[in-house]
Amino acid sequence: MLLPGTALLRRPLHRIRALGRLHARALMDLRELVSALNDFAPLSLAESWDNVGLLVEPSPPHTVNTLFLTNDLTEEVMEEAMQKKADLILSYHPPIFAPLKRVTWKTWKERLVVRALEHRIGIYSPHTAYDAIPHGVNNWLTKGLGACTSVPLHPSTAPSCPAEGTHRVEFCTDTEHLEVVLSKIKDIQEISCLTTFPARVEGEEQTRVTLNCSQKALLEVVALLSQNSLLYRKTEILLLQKPLLPHTGMGRLCTLSEPVSLSNIIERIKSHLKLPHVRVAVGTGKTRESLVKKAALCAGSGSSVLKGTEADLYLTGEMSHHDVLDAVAKGISVILCEHSNTERGFLSELRDVLATHLQNKVNIIVSEKDRDPLQVA
């Protein structure tokens with residue numbers, strides 16, 4: 001029974017059900033999603049030269065229903081993302097790396113930005129942050145070796161501990177010299193955490209001064225304190241080392257549970273990466289039947305990360321000709337799979353892990369057009 005003054009609102013049943021599905025679907029605001037992605041892989045873990053994070057942002061508010069994963073954002077992949085109505089593209093490699101002086105239709109990277117903004121698609125890149133995390137690209141690549149344990153070749157350090165400075169300087173001074181010394185110290189750049197507190201030294205009331213400083217500032221502080229031999233003898237200098245983050249860092253040194261032949265490893269890698277061919281250089285004094293116990297790997301371009309590491313095998317996407325020669329001369333075999341072939345397969349695993357991390361609030365799809373530009377002819 002309707003109350004007086006009310007009207008019956010008639011809607012088709014299928015329309016009501018469709019509305020119900022719409023309201024039930026969980027969406028994420030772009031900034032909320034970016035914050036969650038940063039929690040998944042802190043951008044502080046990326047290399048200092050890298051360009052990571054949110055690179056293109058449509059005007060807010062921007063709601064994300066579909067997150068589109070790709071290794072490289074090419075124009076063909078951008079067309080695919082538009083067709084699949086992506087709201088945010090996560091491109092492992094940053095499509096914007098060198099600074100853009102203009103955004104026109106002239107170059108392909110400029111066109112990516114134009115099309116992204118025209119179609120209200122954000123672009124986010126994690127790159128080397130995903131290389132460093134324990135559940136990232138390099139960890140996925142180790143699975144191609146078979147059962148093994150691994151440690152980072154270049155461990156990451158906690159970014160915020162200590163907060164400032166590379167060294168701590170502590171010294172004691174009497175009241176007569178305190179004000180003059182503090183005044184001169186405050187004139188030095190890159191000094192932080194300057195504190196004073198009473199101290200008793202050899203039965204005398206003095207003031208203990210502590211400060212944090214950079215390597216550059218340390219030279220100036222020491223020069224200042226050395227002007228007073230009594231102050232200098234009472235000075236302690238501590239190196240502030242940031243703690244290492246467990247299982248986090250660039251590259252991996254893997255120890256296989258059981259040594260296997262190089263030829264066996266080659267087949268395992270081809271199977272894991274779904275490749276018909278890889279390039280192989282056999283170390284001096286070795287054959288394809290030589291056993292591999294330790295393997296050092298780095299997704300992408302691994303020369304700088306792998307160099308100097310003692311191992312039976314280097315596994316990466318690409319290395320320079322001369323770096324391969326150096327490794328081979330040391331008896332280290334090398335497997336090269338082409339740059340992005342050592343990264344792209346991670347996206348399928350990432351899709352599932354991110355779905356859980358984001359509590360299934362967005363639809364996550366992997367590009368079908370993304371591929372390595374080099375093919376074996």
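Helices here are DSSP runs of H or I with at least four residues, strands are runs of E with at least two, and both are numbered from the N terminus. Keep those labels in mind, as every stop uses them. The model on your screen is predicted.

**Stop 1: the second largest pocket**

Select α5 (128-132), β14 (291-301) and α11 (303-306). Each of these elements gives at least two residues to the lining of the second largest pocket. Which of them gives the most? It is β14, with four residues. Now find the centre. W49, T128, D131, A299 and S301 lie nearest to it, out of 17 lining residues. The space inside is about 240 Å³. Colour the lining by class and you get six nonpolar, eight polar and three charged residues.

**Stop 2: the largest pocket**

Next, select α10 (262-273) and α13. These are the elements that supply two or more residues to the lining of the largest pocket. Its volume is about 630 Å³. How many residues line this pocket? There are 25, and L273, K274, L275, N341 and R344 are the ones nearest the centre. The lining splits into 11 nonpolar, seven polar and seven charged residues.

**Stop 3: two packed helices**

Keep α13 (residues 346-357) selected and add α2 (residues 30-40). Two packed helices are described by the angle between their axes and the distance between the axes. Here the angle is about 115°, and the axes are 11 Å apart. Is the crossing left-handed or right-handed? α2 passes α13 in a right-handed crossing.

Show the side chains at the contact. From α2 come A36, L37, D39 and F40, and from α13 come L350, V353, L354 and H357. By class, this contact has six nonpolar residues, one polar and one charged.

**Stop 4: the five-stranded sheet**

Leave both helices on display and bring up the strands beside them. Five strands make an open sheet, ordered β2-β6-β5-β4-β17, and the pairing is mixed. Look at β2 (53-56) and β17 (363-366). Each has a single partner strand, so one side of each has no neighbour in the sheet. From one strand to the next, the twist averages 25°.

Zoom in on β2 and β6 (residues 122-125). They pair in the antiparallel sense over three bridges. Within this pair, L54 stands opposite Y124 of β6.

Where do the helices from the previous stop sit? α2 lies across β2, β5 (88-91) and β6, and runs at about 20° to β5. α13 packs on the sheet too, touching β4 (66-70), β5 and β17. Its direction makes about 150° with that of β4.

**Stop 5: the four-stranded sheet**

Move on to another sheet. Its four strands are ordered β9-β10-β8-β11, the sheet is open, and the pairing is antiparallel. Which strands stand at the edges? They are β9 (191-201) and β11 (236-239); each has a single partner, so one side of each is left without a neighbour in the sheet. Neighbouring strands are turned by 15° against each other on average, direction ignored.

Pick out β9 and β10 (residues 204-213). Nine bridges join them in the antiparallel sense. Label A199 and you will find it opposite Q206 in β10. Then add helix α8 (residues 215-225), which packs on this sheet and touches β8, β9, β10 and β11. The direction of α8 makes about 15° with that of β8.

**Stop 6: the cavities**

Last, go inside. Rolling a probe the size of a water molecule over the atoms shows where empty space is left. How many cavities of 30 Å³ or more does the whole structure hold? The search finds two.

Keep Q206 labelled from the last stop. Q206 also lines the largest cavity, together with C172, T173, D174, H177, N228, L230, L231 and K234. β8 (167-173) and α9 (229-233) each give at least two residues to that lining. The volume is about 60 Å³. Three lining residues are nonpolar, four are polar and two are charged.

Finish at the second largest cavity, with about 40 Å³ of space. Select L262, K286, T287, S290, L291, V292, D312 and S333 to see its lining. By class, that gives three nonpolar, three polar and two charged residues.

Terms used
Residues numbered from 1 in each chain as written. Predicted model: local features only at pLDDT ≥ 70, side-chain atom pairs only at ≥ 80, totals over all residues. Heavy atoms only, no water. 1 Å grid on protein atoms, 1.4 Å probe; cavity = no way out; pocket = protein on both sides within 12 Å on 5 of 7 lines; lining within 4 Å. Points joined across faces, edges and corners; volume = space filled by probe spheres on them. Nonpolar A, V, L, I, M, F, W, Y, C, P; charged D, E, K, R; others polar. Pairing = 2+ DSSP bridges. Axes fitted to C-alpha atoms, helices over the stretch in contact; angles between N-to-C directions. Contact = heavy atoms within 4.5 Å. Left-handed = near helix turned anticlockwise from the far one by under 90°.
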